[in-house]
Amino acid sequence: MKIYKYIGVALMVLSLGACKTDDLERDIDALKDRITAMEAKVDRLNESMNMIRVALDGNKTIQSYTENEDGSYTLTLSDGNTITLTQGEIGATDVYQEVSISSNGNWVIGGVETEHRAVAADGEPGVTPKFRLAMESEGKYYWEVSYDGELTWEEVKSQQGTRVYASASGSSSVAGPIASAAPNVTGDKFEITLTSNGTKYEIPIVSGLACAITEPALEDGFWIVPTNTGETTPIDLKGEAVLVSAPEGWTVTAEIGNGTLTIIPPAQDGAEGIITLQVNKGVYWAIDQIKVRSKKVITSWKAEYELGDGFYIGDELVSKETYPGGTLIENGGTIPVEKGEASGVYFIAGEANISISSILATTGDAPLVIVGDDPNNPPTVTFTGNNSYLRAGTQNLLCKNVKFVRDGMYLFHANKGSKVNKVIFEQCKIELKNNFASSNATASDPSVIHDFQFLKNKVKFLGALSSGDIPACNFFYSTGGQTVGNANISNNIFYSQSEDTRVRGQFFVVIGTAETTIKLENNTFCNYIQNSQGIKAKLTGDWSVRYNIFYSNISATTYNTSYLICALEGSIFPASNDAFESNVAYNAVEENATAWNVFHGDSMKPSGDYNAKIPQEEESPLQIVDWKNGKFVSSKAGYGATIE
């Protein structure tokens with residue numbers, strides 16, 4: 001495993017067994033000095049590469065500079081960035097291999113020509129290599145280089161194809177990429193000369209000329225700009241005039257002295273381009289640019305529906321053509337039930353409250369679609385009484401952006417004998433006193449849901465107010481005869497109502513004779529314990545239970561054992577154990593902590609003696625834990641829900 005240049009890590013590898021205190025202190029000090037020296041070499045090398053980039057591009061000037069006591073220069077560029085430049089010798093034998101530019105305009109590292117452009121060609125800009133040191137063993141470091149802004153790294157290779165090492169000590173010196181760097185005699189240009197071929201570049205020194213876009217938060221290197229409102233970011237423009245270049249359909253406003261750049265994209269989702277600003281003073285120009293991407297902002301799902309393009313709930317397109325007859329329900333309204341059936345497409349106004357006291361059953365010829373119209377202000381639908389809930393019969397049931405409150409036994413019911421193509425809940429907030437879903441199907445009168453999708457939802461289980469009382473709250477539970485062909489339960493948060501409470505339950509139980517392919521990925525469970533079994537089904541196909549976070553901060557002597565999977569007889573296992581081993585757990589308490597197991601004792605297993613546990617993190621994998629607002633933000637990359 002690679003260990004990068006951090007002093008704290010390096011110190012841990014010292015042998016402490018036979019050292020006296022003073023010897024140990026000298027070793028530590030020497031190691032600190034070596035690492036500090038090497039870090040300085042890395043920084044100097046990368047600063048030199050940045051300066052070469054400025055020289056090659058020719059689109060920046062220098063606003064001002066200062067000469068430092070050590071002979072280096074600190075330059076303030078026209079884009080607001082600063083570079084501290086050290087010329088000539090960097091020091092230490094074999095610090096790095098020579099950096100130069102080939103006649104083809106490619107970077108040459110250590111005499112090996114790369115495929116990466118140093119000089120722009122065919123409209124494509126050149127790249128700037130970024131170097132770092134990786135540790136092979138204590139005191140032995142080798143060079144790595146990145147050509148894509150530190151996204152990926154590769155080893156620097158010699159002409160013989162071997163790893164290039166950096167010496168930690170040595171008396172001889174190696175010249176840096178820049179042989180000399182200093183202002184000229186007249187003080188209007190800064191001259192740098194490359195070590196490799198003696199090429200000299202002149203960068204104008206022009207005070208009062210600046211062109212700097214203060215980058216907002218970027219996503220994949222793009223500034224994401226909403227289509228309906230546009231967006232503004234600070235800029236620093238100094239000079240005589242500014243020229244703006246933008247893709248067709250984009251409106252850009254930037255003025256010298258105004259201090260802001262305002263961009264309004266076309267009314268198109270995902271439009272991309274580059275915004276370029278150029279400012280001149282006399283014959284000199286300074287240039288800065290930023291990549292932009294438009295994002296269509298939805299303010300009304302019904303409006304999207306009426307426009308004809310529609311929108312998706314899960315993978316199902318809801319449009320006037322596929323699901324006709326959309327109706328808006330205002331505050332205090334209700335969803336009509338006729339002859340015991342509910343059907344149609346209903347948009348509920350933002351922050352509206354409606355109450356349902358009957359069963360909404362899709363047993364007719366039309367599906368039932370319930371959508372909160374305002375994406376930012378979901379309505380609340382409360383089911384009152386024991387005989388009020390959602391029931392799937394013979395048509396699709398689709399729900400999006402709704403807060404459901406249910407005080408009874410369950411919110412959703414799969415009736416015996418029912419055969420439903422799709423049941424989808426997406427971006428809903430759900431508060432439950434008991435179970436989410438149940439079924440009364442039997443072996444003689446089975447129920448079938450071909451496709452169940454549960455995506456980007458927050459489910460709050462209203463557990464008891466005392467940690468000693470642990471209610472059983474199943475998520476999807478069937479005693480027998482229930483079949484779910486495909487189940488995708490991804491990117492959801494399941495949690496108890498407070499940090500002082502917890503709930504337990506069988507999470508997904510489908511024990512009919514048919515096979516189930518389940519995808520349970522990137523979910524966050526907080527004080528929800530899969531007891532006694534999490535997923536209980538006859539599993540087949542490409543199923544996966546991974547990238548989930550299981551969190552508990554409750555110390556309890558009962559119901560503190562969790563079993564993630566109970567694969568019924570006849571189940572087929574994926575080719576790789578990664579499909580069910582890549583989960584993490586965390587206990588915020590040590591006493592009477594929850595035991596997190598992968599398989600239940602009654603489960604089929606990959607091998608007869610397989611007895612794995614979910615790996616426990618030493619530190620919490622959640623960056624934010626906010627029980628009141630149901631906000632649990634993962635700090636472990638690739639794991640847990642990312643709803644917000």
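Mentor: Start with residue classes: Ala, Val, Leu, Ile, Met, Phe, Trp, Tyr, Cys and Pro count as nonpolar, Asp, Glu, Lys and Arg as charged, and the others, Gly among them, as polar. This is a predicted model, where local features need pLDDT of at least 70 and side-chain atom pairs 80 or more, while totals for chains, interfaces and linings use all residues. Residues are numbered from 1 along each chain as its sequence is written, and side-chain values use heavy atoms, with hydrogens and water left out.

Trainee: How do I read empty space, and how much of it lies in the largest pocket?

Mentor: Rolling a probe the size of a water molecule over the atoms shows where empty space is left. The work is done on a 1 Å grid over the protein atoms alone: a cavity is a set of points where a 1.4 Å probe fits but cannot get out, and a pocket is an open set with protein on both sides within 12 Å along at least five of seven lines. A lining residue has an atom within 4 Å of a point. Points are joined across faces, edges and corners, and the volume is the space filled by probe spheres set on them. Here the largest pocket holds about 1700 Å³. Its lining has 37 residues, and Arg53, Gly126, Thr128, Glu215 and Gln289 are the closest to its centre.

Trainee: Which helix and strands each supply at least two residues of that lining?

Mentor: Helices (H or I, at least four residues) and strands (E, at least two) are DSSP runs, numbered from the N terminus. For the largest pocket, look at helix H2 (21-57) and at strands S4 (82-85), S15 (210-213) and S22 (284-295). Now apply the classes. The lining divides into 15 nonpolar, 10 polar and 12 charged residues.

Trainee: What is the volume of the second largest pocket?

Mentor: About 680 Å³. It has 23 lining residues, and Pro375, Asn376, Asn401, Gln427 and Ile643 lie nearest its centre. By class, the lining of this second largest pocket holds 8 nonpolar, 6 polar and 9 charged residues.

Trainee: And closed space? How many cavities of 30 Å³ or more are there?

Mentor: There is 1. The largest cavity has a volume of about 30 Å³. Ile52, Val99, Ser100, Ile101, Trp107, Pro177, Leu194 and Ser196 line this cavity. Strand S5 (residues 99-101) gives the most to the lining, with 3 residues. The cavity lining is 6 nonpolar and 2 polar, with no charged residue.

Trainee: On to charges. How many salt bridges does the structure hold?

Mentor: A salt bridge puts a side-chain nitrogen of Lys or Arg within 4 Å of a carboxyl oxygen of Asp or Glu. This structure holds 21. Take lysine 140 and glutamate 136, whose side chains meet at 3.5 Å, N to O. They also belong to a network of salt bridges that links Glu136, Lys140, Glu155, Lys157 and Arg163.

Trainee: Is lysine 140 buried, partly exposed or exposed?

Mentor: Buried means under 20% relative accessible area, exposed over 50%, and partly exposed in between (1.4 Å probe, protein chains only). Lysine 140 has 37% relative accessibility, so it counts as partly exposed. Glutamate 136 also has 37%, so it is partly exposed.

Trainee: Which parts does the salt bridge of lysine 403 tie together?

Mentor: The partner of lysine 403 is glutamate 431, with the closest N and O atoms 3.5 Å apart. Lysine 403 sits in strand S33 (residues 403-406) and glutamate 431 in strand S36 (residues 429-432), so the pair ties together parts 28 residues apart in sequence. Lysine 403 is partly exposed at 27%, but glutamate 431 is buried at 18%.

Trainee: Where do arginine 546 and glutamate 521 lie?

Mentor: These two form a salt bridge, with the closest N and O atoms 2.9 Å apart. Arginine 546 is in strand S49 (residues 544-546) and glutamate 521 in strand S45 (residues 517-521), so this pair ties together parts 25 residues apart in sequence. Arginine 546 is partly exposed at 22%, and glutamate 521 is buried at 10%.

Trainee: In what sense do S45 and S49 pair?

Mentor: Two strands pair if DSSP finds at least two bridges between them. S45 and S49 pair in the parallel sense over 3 bridges. The bridge partner of glutamate 521 in S49 is arginine 546. S45 also pairs with strand S41 (residues 482-490), in the parallel sense over 5 bridges. There, isoleucine 489 has leucine 520 of S45 as its bridge partner.

Trainee: Last one. How many disulfides are there?

Mentor: A disulfide is a pair of cysteine sulfur atoms within 2.5 Å. The count here is 0. Cysteine 428 is in no disulfide, and the nearest cysteine sulfur, that of cysteine 399, is 5.8 Å away. Cysteine 428 counts as buried at 1% relative accessibility, and cysteine 211 as buried at 0%.
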